[in-house]
Amino acid sequence: MISSSDANTALIQLESIGKSYGEIRVLQDIDMQVQPGTVTCVLGDNGAGKSTLIKILAGRHEPTEGTLLVEGEEVRFRTPKDALNRGIATVYQDLAVVDQMSVWRNFFLGQEQTGFLGRLKEPEMKAITAEELKKMGVDIPDVDVPISTLSGGQRQVVAIARALHFGAKVLILDEPTAALGVKQSGMVLRFVRMAAERGVGVILITHNPHHAHLVGDHFVLLNMGKQVLDASRDEVTLEQLTQEMAGGGELEALSHELRQ
Ligand SMILES: Nc1ncnc2c1ncn2[C@@H]1O[C@H](COP(=O)(O)OP(=O)(O)O)[C@@H](O)[C@H]1O
Ligand SMILES: [Mg+2]
């Protein structure tokens, strides 16, 4: 039976999370929640602390302050495996794929299915890869081709489909559209939405307010390690998001200055 408090338990909750490297404080007082079936966008300029924040969630760095809760339970991740075991999957911008390997080998990388005497269950893995991609509406004629032959957008989608197949409850995407053109960005953003519709809590890191606003349910903006905005979709317009990203009034002041 699900009680109302269970229904409200966030997949992830950060309470006053902070991170210092020696004397340098790169994150402070971060409070955020990730709910199932939603897309939370983390925005911020270069150096704002976005990557540091996701490394904490992904088990690559331990926070120096605050508390991290997963499904209501306090956790301390010491390795990325700890985060994965709690259903938190991270897709990094560089994707960690093996270029020469086929799409299906990359799909099952590190989680291969084996049969008698450790023999790879090749036909089974190919079929699953093809099926999972088809479910996401990706049209890759042959999962045997090297992953390097796919477009950047398709590779992102393979990584997303893979995380979902292996049971991710939380999917963290670090700037998945940063290196993509408009059309491919659109494709990746559609899959971001699809992942949320399958019940996953997606965390989308981006410095593009347009991309964020297209798919986001919730927006967190970081500026020099501090959370300067935490708003749901009905609380913020694209214009406000864009302006906040540009440093609030700073851009406006600059535009006046330039026109003089
Ligand atoms: N290992 C580290 N040691 C010291 N400073 C770091 C380290 N990693 C990141 N930083 C600093 O933390 C700040 C935030 O970096 P980062 O999280 O990568 O920002 P973003 O991803 O938003 O561009 C930057 O000023 C960066 O130089
Ligand atoms: Mg970064």
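This briefing covers the overall fold, the surroundings of ligand 1, one helix pair and a few individual residues.

The model is predicted. Its protein chain contains 10 helices and 10 strands. With a radius of gyration of 20 Å, close to the 18 Å that the globule rule gives for 260 residues, the protein chain is as compact as a globular protein of that length.

**Overall dimensions and contacts**

- Measured out along the principal axes is a box of roughly 70 × 45 × 40 Å, which the C-alpha atoms of the protein chain fill.
- Of the 260 residues in the protein chain, 38% are buried.
- Taking the contacts in the protein chain between residues at least 6 apart in sequence, 67% join residues at least 24 apart.

**Surroundings of ligand 1**

- The residues around ligand 1 are Y21, I24, V26, G44, N46, G47, A48, G49, K50, S51 and T52.
- Two elements, β2 (24–34) and α2 (50–57), give two or more residues to this shell.
- Helix α2 gives the most to the shell around ligand 1, with 3 residues.
- Sorted by class, the shell around ligand 1 holds 4 nonpolar, 6 polar and 1 charged residues.

**Helix α2**

- Helix α2, which gives the most to the shell around ligand 1, is largely enclosed by the rest of the structure, because 8 of its 8 residues are buried.
- The buried residues in α2 are K50, S51, T52, L53, I54, K55, I56 and L57.
- K50, S51 and T52 are thus found both among the residues surrounding ligand 1 and among the buried residues of α2.
- G59, which lies just after α2, takes a positive phi of about 80 degrees.

**Helices α6 and α7**

- Two packed helices are described by the angle between their axes and the distance between the axes.
- The axes of helix α6 (residues 152–165) and helix α7 (residues 182–197) cross at roughly 10 degrees and come within 8 Å.
- Angles under 35 degrees count as roughly parallel, and α6 and α7 are therefore roughly parallel to each other.
- On the α6 side, the residues that meet α7 are G152, G153, Q156, V157, I160 and L164.
- On the α7 side, the residues that meet α6 are Q184, M187, V188, F191 and A195.
- The residues of the contact of α6 with α7 comprise 7 nonpolar and 4 polar, with no charged.

**Residue N106**

- N106 belongs to helix α4 (residues 103–107).
- N106 has 25 other C-beta atoms within 10 Å, so it is buried, given that 20 or more are needed for that class.
- N106 and P146 are 40 residues apart along the chain, and their C-alpha atoms are separated by 9.0 Å.

**Loop residues with positive phi**

- E71 is not a glycine, yet it has a positive phi of about 45 degrees.
- The loop that holds E71 runs between β4 (65–70) and β5 (73–75).
- E71 counts as partly exposed because it has 16 C-beta neighbours inside 10 Å.
- M224 is likewise not a glycine and has a positive phi of about 45 degrees.
- The loop between β9 (218–223) and β10 (226–232) is the place of M224.
- M224 has 14 C-beta neighbours inside 10 Å and so counts as partly exposed.

Notes
Residues are numbered from 1 along each chain as its sequence is written. Chains are lettered from A and ligands numbered from 1 in the order in which they are written. This is a predicted model: local features need pLDDT of at least 70, side-chain atom pairs count only at pLDDT 80 or more; totals for chains, interfaces and linings use all residues. A residue is near a molecule or strand if its C-beta atom, placed from the backbone, lies within 6 Å of it. Helices (H or I, at least four residues) and strands (E, at least two) are DSSP runs, numbered from the N terminus. Ala, Val, Leu, Ile, Met, Phe, Trp, Tyr, Cys and Pro count as nonpolar, Asp, Glu, Lys and Arg as charged, and the others, Gly among them, as polar. The radius of gyration is taken over C-alpha atoms; the globule rule is 2.2 Å times the number of residues to the power 0.38. A residue is buried if 20 or more other C-beta atoms lie within 10 Å of its own, exposed if 12 or fewer, and partly exposed in between; C-beta atoms are placed from the backbone. Two residues are in contact if their C-beta atoms, placed from the backbone, lie within 7 Å. Axes are lines fitted to C-alpha atoms, for helices over the stretch in contact, and angles run from 0 to 180 degrees between N-to-C directions. Angles under 35 degrees count as roughly parallel, over 145 as roughly antiparallel, 65 to 115 as roughly perpendicular and the rest as oblique.
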